[in-house]
Amino acid sequence: MLLLQETISRAIVGALRVQLSPKADAQLRADAVVNPEAYDLYLKGRYYWARFTAGGVLQSIESFQKAIAIEPDYAPPHAGLANAFSFAGYFGVMPPREAYPRSILEADIALTLDPESSEALVARGMACLVYEWDLDCARDKLRLAVELSPNFSMAHWAYTEYLMVVNPSAALDSALRALALDPLSLPIMNLVAFTYLDQQMFAEAIRMDEEMIAMDSTFAAAHWNLGIIHTLHGRYEQAEDALAKAVEYSGGMPSTLAMQAYAHARSGHEARAFEILAELESRRESANPGYVAPVLIAHVYEGLGKTEAAINWLEKAVIERDGWLVFLNYYPRFESLRGEPRFQDILKDVGLPAIDHQ
């Protein structure tokens, strides 16, 4: 019976293409301890998280919480929930000041249950990076995650995110290392594609995006990446096609709508850009769940040439602990604002160097 349970669990892993850390994989051999239903819910939570959509992250949160209700002393669902809340705070499913404290709490619970949980260290390190803006903490947690589980692609994914902030030239090697460990992971492929984009290796980025779309035509992040590349190159019709798909497949995530508005602004279709901008600002006033990051609105205003409005929204982002701020030297970089003293003050608030990408 226990052998059959392990076989079934491994079949689920294969079907969902979810890579587990060595610690989590070892749980497959501890079937007498872990409730199989809790383990299956954990796997489903990882699968939904990897969809990179608003609906997916909410489903992942639900799956992890169900697993915890069944097996409260089982560390992996707490770690998974910590990463799901982290995603929710970054991509607009929840306000950062609501999502990240919950992420930190769940990561700490997981680390109490299993001090060597690389998955929990990933969540804790990402909170240090994008919420607390503590780069030393992020470095220590994410390096330890990699050291404890050198074959765990998610640890390399998170460490790459850290490198994007502190040492962009080293980020691509780290991203490719993650991909070598998990070549069928859409989130890892997306990481590589976006790192190519930042390094201005656009042909490589497009090839990776097209490969993701061939694997899953509804993977919104790949269309979003393509929309950014086409916009940067002035191919606005292609950008609109890609971004319309990103909006649709993501369930209208704010990051996709903001990029769509930015593309309209750059192409001269200001009326349409302002329409989307009004929708994003309206969402911030709505009682419905969700969150629109101020950095995203600032990006649209920059595209419209509204410097003061853009900086005003970036200052709101500092107050709200907007996770996008830590990547101001990555994307969006706000090149047109870098000469403004208020922008330089924002970089100092976040602890970022004043890098000129002109």
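**Entry 1. Helix α5 and its end**

I take helices as DSSP runs of H or I with at least four residues, numbered from the N terminus. I applied this to a predicted model. In that model I found that α5 is followed by Gly92, whose phi is positive, near 90°. I then checked the span of α5: its 16 residues reach 23 Å from first C-alpha to last, close to the 22 Å expected at 1.5 Å a residue. I also looked up the cover of this helix and noted that 16 of its 16 residues are buried.

**Entry 2. The protein as a whole**

I counted 19 helices and 0 strands in the protein. Of its 358 residues, 58% are buried. I recorded an accessible surface of about 14500 Å², with 52% of that belonging to carbon and sulfur atoms. Among contacts with a separation of 6 or more, I found that 59% join residues 24 or more positions apart.

**Entry 3. The nonpolar core**

I looked up the largest nonpolar core, which holds 128 residues. Leu129, Leu314, Leu325, Val326 and Phe327 touch the most other members. I followed Leu129 further, leaving aside neighbours within four places in sequence, and listed its contacts as Leu135, Ala138, Glu161, Tyr162, Val165, Val326 and Phe327. Val326 and Phe327 thus appear in the contact list of Leu129 and among the core residues named above.

**Entry 4. Aromatic pairs**

I found 18 aromatic pairs in the structure. I examined Trp49 and Phe87, whose ring centres are 6.5 Å apart with planes at 70°, so I recorded the pair as edge-to-face. This pair links distant parts of the chain, for Trp49 belongs to helix α3 (residues 36-49) and Phe87 to helix α5 (residues 75-90), 38 residues apart. Both Trp49 and Phe87 are buried. I then examined Phe334 and Phe343: their ring centres are 6.4 Å apart and their planes stand at 50°, so I recorded this pair as tilted. Phe334 and Phe343 are both buried.

I also noted one aromatic cluster formed by Trp49, Phe87, Tyr90, Phe91, Trp157, Phe194, Trp224, Trp324, Phe327, Tyr330 and Tyr331.

**Entry 5. Arg321 and Glu132**

I looked at what lies beneath the side chain of Arg321. Its charged end sits over the ring of Tyr131, 5.9 Å from the centre. Arg321 also lies over the face of Trp133, at 3.8 Å from the ring centre.

I turned to Glu132, which I placed in the loop between α7 (118-130) and α8 (135-148). Its relative accessible area is 31%, so I entered Glu132 as partly exposed. The C-alpha atoms of Glu132 and Arg321 are separated by 7.8 Å, although the two residues are 189 apart along the chain. Setting aside neighbours within four places in sequence, I found Glu132 in contact with Ile104, Arg124, Ala127 and Arg321.

**Entry 6. Leu347**

I located Leu347 in helix α19 (residues 341-350). Its relative accessibility is 0%, and I therefore count Leu347 as buried. Not counting residues up to four places away in sequence, I found that Leu347 touches Leu328, Asn329, Arg338, Leu352, Pro353 and Ala354. For Leu347 and Asn329 I noted a C-alpha to C-alpha distance of 9.0 Å, with their positions 18 residues apart in sequence.

Note on methods: Residues are numbered from 1 along each chain as its sequence is written. This is a predicted model: local features need pLDDT of at least 70, side-chain atom pairs count only at pLDDT 80 or more; totals for chains, interfaces and linings use all residues. Side-chain values use heavy atoms; hydrogens and water are left out. A nonpolar core is a set of buried Ala, Val, Leu, Ile, Met, Phe, Trp, Tyr and Cys residues joined through side-chain atoms within 4.5 Å. Buried means under 20% relative accessible area, exposed over 50%, partly exposed in between (1.4 Å probe, protein chains only). Contact means heavy atoms within 4.5 Å. Helices (H or I, at least four residues) and strands (E, at least two) are DSSP runs, numbered from the N terminus. Accessible areas come from the Shrake-Rupley method with a 1.4 Å probe; for residues, only the protein chains shown count as cover. Rings of Phe, Tyr and Trp (its six-membered ring) pair if their centres lie within 6.5 Å; planes under 30 degrees apart count as stacked, over 60 as edge-to-face and the rest as tilted. A charge sits over a ring if NZ of Lys or CZ of Arg is within 6 Å of the ring centre and within 35 degrees of the ring normal. The expected span of a helix is 1.5 Å times one less than its number of residues.
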